[in-house]
Amino acid sequence: ETGAESKRAGLDRLAERAAQEGANGRVHELGTLREVMVFATGSEDAEIMFIGEAPGAEEEKQSEPFVGPAGQLLTKIIQAMGLRRGEVYISNICKYRPKIDDGRMQGSKNRAPTAAEMEACLPFVVEEIAIVQPKIIVALGATAATGLGIEGKVGSLRSSMQEFRGIPVLVTYHPSYLLRREQEDGGGMREKRLVWEDMMKVMEH
Ligand code: URA
């Protein structure tokens with residue numbers, strides 16, 4: 001049978017290759033990414049693929065994308081869509097946590113991955129998309145969109161369906177951005193509403 005098992009095996013092989021690149025390949029040579037690879041989580045048969053930026057401290061610790069504060073918000077959004085984390089596919093455009101300084105003392109500090117870092121990881125993203133074949137990709141934030149070759153501000157990109165290699169891409173705000181806006185006046189209600197509008201489009205797609 002060539003069902004879920006072979007897709008899973010393909011993803012496992014891919015994750016292994018990505019880990020090797022971090023140990024001694026192109027990713028390692030960049031010297032700007034930390035060593036722990038965080039690949040993806042969820043179902044190989046998912047119709048919806050979420051793509052974020054890069055793992056943070058908590059993701060690195062647990063070897064799973066989106067498990068820190070932003071991840072908990074993403075999980076709530078997924079549940080509000082009537083789904084479980086295990087039913088969608090959750091990944092990042094960069095499979096390694098970007099270093100700040102030499103990466104030893106950065107604590108919980110994160111930065112967005114650079115174009116070079118995203119480019120080094122792009123072959124893995126391209127291949128996981130090819131294996132999973134989602135109906136739709138949700139790019140979380142402008143950085144992830146840029147990594148997929150989609151340039152612009154979230155505010156304008158979200159208003160029409162984008163595309164990556166024939167697959168529809170909806171660009172929306174990153175959950176970290178929603179959390180940052182919560183700290184400000186008004187609590188980011190507007191952005192939350194916009195993200196919810198976007199998720200309805202995803203559900204209807
Ligand atoms: N933010 C991201 O973009 N990705 C993660 O995996 C966690 C937080």
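Colleague: Which residues of α4 meet which residues of α8?
Modeller: On the α4 side, P69, A70, L73 and L74; on the α8 side, P175, S176, L178 and L179. Contact here means C-beta atoms, placed from the backbone, within 7 Å. This is a predicted model: local features need pLDDT of at least 70, side-chain atom pairs count only at pLDDT 80 or more, and totals for chains, interfaces and linings use all residues. Residues are numbered from 1 along each chain as its sequence is written.

Colleague: What is the class make-up of this contact?
Modeller: The contact of α4 with α8 has 7 nonpolar residues, 1 polar and no charged. Ala, Val, Leu, Ile, Met, Phe, Trp, Tyr, Cys and Pro count as nonpolar, Asp, Glu, Lys and Arg as charged, and the others, Gly among them, as polar.

Colleague: Why are α4 and α8 called roughly perpendicular?
Modeller: Helix α4 (residues 69–80) packs on α8 at about 105°, with the axes 8 Å apart. The bins are: under 35 degrees roughly parallel, over 145 roughly antiparallel, 65 to 115 roughly perpendicular, the rest oblique. The angle of about 105° lies in the 65 to 115 bin, so the pair is roughly perpendicular. Angles run from 0 to 180 degrees between N-to-C directions.

Colleague: What angle do α8 and α9 make?
Modeller: About 155°, between α8 (residues 175–182) and α9 (residues 189–204), with their axes 9 Å apart. That is over 145, so α8 is roughly antiparallel to α9.

Colleague: What is the make-up of the α8 contact with α9?
Modeller: Y177, L178 and R181 in α8 meet E191, K192 and V195 in α9. By class, that contact has 3 nonpolar, no polar and 3 charged residues.

Colleague: What makes β2 and β7 edge strands?
Modeller: The open sheet of 6 strands runs β2-β4-β3-β6-β8-β7, with mixed pairing. β2 (40–42) and β7 (162–164) each have a single partner strand, so one side of each has no neighbour in the sheet.

Colleague: How do you know that β7 and β8 pair?
Modeller: Two strands pair if DSSP finds at least two bridges between them. β7 and β8 (residues 167–172) have 3 bridges, in the antiparallel sense. One bridge joins Q162 to V169 in β8. α9 packs on this sheet, touching β3 (48–52), β6 (136–140) and β8.

Colleague: Which residues come nearest the ligand?
Modeller: G52, E53, E59, P65 and A70, out of 13 around the ligand. Near means a C-beta atom, placed from the backbone, within 6 Å. By class, this shell has 5 nonpolar, 6 polar and 2 charged residues.

Note on methods:
Helices (H or I, at least four residues) and strands (E, at least two) are DSSP runs, numbered from the N terminus. Two residues are in contact if their C-beta atoms, placed from the backbone, lie within 7 Å.
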